[in-house]
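Student: I'd like to check the labels on this model rather than take them on trust. Let's go through them one by one.

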Amino acid sequence: MKVTVVGAGYVGLTAAACLCHSGHEVSCIEKDQIKLAGLRSGRLPFFEEGLPELVHAGLAKGALRFGASLKEGLDAEVLMVAVGTPARPDGRIDLTQIYAVLADLVEQARSPLLIAMKSTVPPGFGLSVEQRFLQKAAVPLGYVANPEFLREGTAVRDWFQPDRIIIGGSDEEVIAKMARLYADLKAPLLTMDIGSAEMVKYAANAFLATKISFINEIANLCELVGADILPVARAVGLDRRIGGQFLAAGLGYGGSCFPKDTSALDFVSACNGYAFNLLKAVIEVNNRQRLLVLRKLKKALGRLTGITVGVLGLAFKPGTDDVRESPALDVINLLLDEGACVRAYDPLALPKAGDFLPASVFLAGGALDAAAGCHALLVVTEWPEFIDLDWMRVKQLMCPPYLVLDGRNCLPAEELKKNGFLYLGIGRARYA
Ligand code: UGA
């Protein structure tokens, strides 16, 4: 099929390259000229494992093209909208980019087209699209909600091995077209009304965020009652009704999705006169969880003025260079406010993090460099290279009391303790 994807961000570019790999002819529209020039010569604007290979293959066989304006993609059967929907300070979603695409489409479309909404839009949004936009077009335009469930870092794998495909729409012909688009993916295809499809996306992300905040609450309680969150989470997760994923206690969730989507769902609830108290608590617990670092450091070291702290990991999770809403950025600002000196390192995210961090933060060339001269070392992102570090070398480079605060419970606690580190974890009474 001929497909156009509008937006070459994490979702749009993954969708474009993967659809192309599945045999579709894809045009990907990106209005940022710098990004566009890079993409045309095979350079991706972000790190995503496996994606460059797919983009290069698509470009080489001529089945993937990058264009600057919608006009270049109007001859498609399906047009996927994957533009950004950033959060506003009050939690509301900024739909400006979506409105602009829909308005352009209505004005420019000269042949029938099916619009598939991949961007995350608030539940209820799609219901207004028909009246507000589609009716004004000169040709018939269809609309389906088609939310995505891709994780950064594993987006390509998630695309080809989805747990489910969601199509929100009622027209049978339209649903058949979407089914053809995803014909090679082996996953249940669930059809429902547009509003429900939009809600699936928010409910899924809010539930995963709830699991994380829940396990963080249990972790905090473990410290108080003398328990250890690691065996607790493992045992609880083995209950198949609960499942073991998203039960890793730590400094909480970040990224461009969970913080934004939970706030947006809370906002939608409030707009509908509903107080979503559970969700409010999930958000509050997550915000509080980052502050743990400061409390633990102060308890162990006293005042932080003049203390040097190494921060390992700036990306919001391993496998990505994305620092949006990353706990590390908040933690660093808190440390600076307390008068600490900060040396930071991340295997991939240093260039992006550099744009957000104050100039006083020393950006180290490696993990050992970050550790040099530090009284305390914080692991904020569980990159494998931190787990595999030569910790004896780290100790030689650090200063007493050789404090290691493992914000993701990913290091061998007992081994570090035996080797003279003051090891602290999250939710582990023995290492609290
Ligand atoms: C998330 C969802 O997992 C995807 O299904 C969804 O498509 C995507 O948002 C989106 O809405 O576009 P992503 O934000 O890429 O994907 O990352 P996750 O792997 O879900 O992790 C989110 C955050 O939760 C990270 O900061 C991670 O460190 C944290 N996390 C995750 C925990 O603190 N504990 C866990 O057990 C799991």
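Tutor: Start with what a helix is here: a DSSP run of H or I covering at least four residues, with numbering from the N terminus. The model is predicted, by the way. α3 takes in residues 51-60, and just after it comes Gly-62, with a positive phi of about 75°.

Student: What makes Leu-51, Leu-54, Val-55 and Gly-58 of α3 count as buried?

Tutor: The cut-off is a relative accessible area under 20%. Those four residues of α3 fall in that class.

Student: And how do you know that they're on the same side of α3?

Tutor: They cover an arc of only 100° around the axis, and that is why they end up on the same side of α3. There's a general point too: an α-helix has 3.6 residues a turn, so residues three or four places apart point the same way.

Student: What sits on the other side of α3?

Tutor: Glu-53 and Ala-60, which are exposed. That label takes over 50% relative accessible area.

Student: What do the buried residues of α3 pack against?

Tutor: Against α1 (10-21), β3 (64-67) and α6 (155-160). Contact here is heavy atoms within 4.5 Å.

Student: On to α13. Which of its residues are buried?

Tutor: In α13 (residues 327-337) they are Pro-327, Ala-328, Leu-329, Val-331, Ile-332 and Leu-335. Their cover includes α12 (292-301), β9 (308-312), β10 (341-345) and β12 (376-379). Gly-339 follows α13, and its phi is positive, near 90°.

Student: Why is Glu-325 called partly exposed?

Tutor: Its relative accessibility is 47%. Partly exposed lies between the 20% and 50% limits, so Glu-325 gets that name. Glu-325 is found in the loop between β9 and α13, with a positive phi of about 55° although it is not a glycine.

Student: And Phe-246: buried, partly exposed or exposed?

Tutor: Partly exposed: the relative accessible area is 28%, and buried would need a value under 20%. Phe-246 also has a positive phi, about 60°, without being a glycine. Look for Phe-246 in the loop between α9 (229-237) and α10.

Student: Now the ligand. What makes the approach of Lys-201 a polar contact?

Tutor: The limit for a pair of N or O atoms is 3.5 Å. A ligand oxygen is 2.6 Å from an N or O atom in the side chain of Lys-201, so the pair qualifies. Polar backbone atoms reach ligand oxygens too: one of Leu-150 at 2.9 Å, and one of Gly-254 at 2.9 Å. Taken alone the ligand exposes 710 Å², and the protein buries 91% of that.

Student: Which residues come nearest to the ligand?

Tutor: Of the 20 around it, Glu-148, Glu-152, Lys-201, Asn-205 and Ala-248. The shell divides into ten nonpolar, three polar and seven charged residues. α8 (194-225) and α10 (258-271) each supply at least two shell residues, and α8 gives the most, with three.

Student: One last label: how do you know whether the bond from Pro-400 to Pro-401 is cis or trans?

Tutor: By omega, which is near 10° there: that peptide bond is cis. Pro-401 is found in the loop between α17 (391-397) and β13 (403-406).

Conventions:
Residues are numbered from 1 along each chain as its sequence is written. This is a predicted model: local features need pLDDT of at least 70, side-chain atom pairs count only at pLDDT 80 or more; totals for chains, interfaces and linings use all residues. Side-chain values use heavy atoms; hydrogens and water are left out. Buried means under 20% relative accessible area, exposed over 50%, partly exposed in between (1.4 Å probe, protein chains only). The arc is that of the directions from the helix axis to the C-beta atoms. A residue is near a molecule or strand if one of its heavy atoms lies within 4 Å of it. A polar contact is a pair of N or O atoms within 3.5 Å; within protein, one must be able to donate a hydrogen and the other to accept it, and residues adjacent in sequence count only if both atoms are side-chain atoms. Accessible areas come from the Shrake-Rupley method with a 1.4 Å probe; for residues, only the protein chains shown count as cover. Ala, Val, Leu, Ile, Met, Phe, Trp, Tyr, Cys and Pro count as nonpolar, Asp, Glu, Lys and Arg as charged, and the others, Gly among them, as polar.
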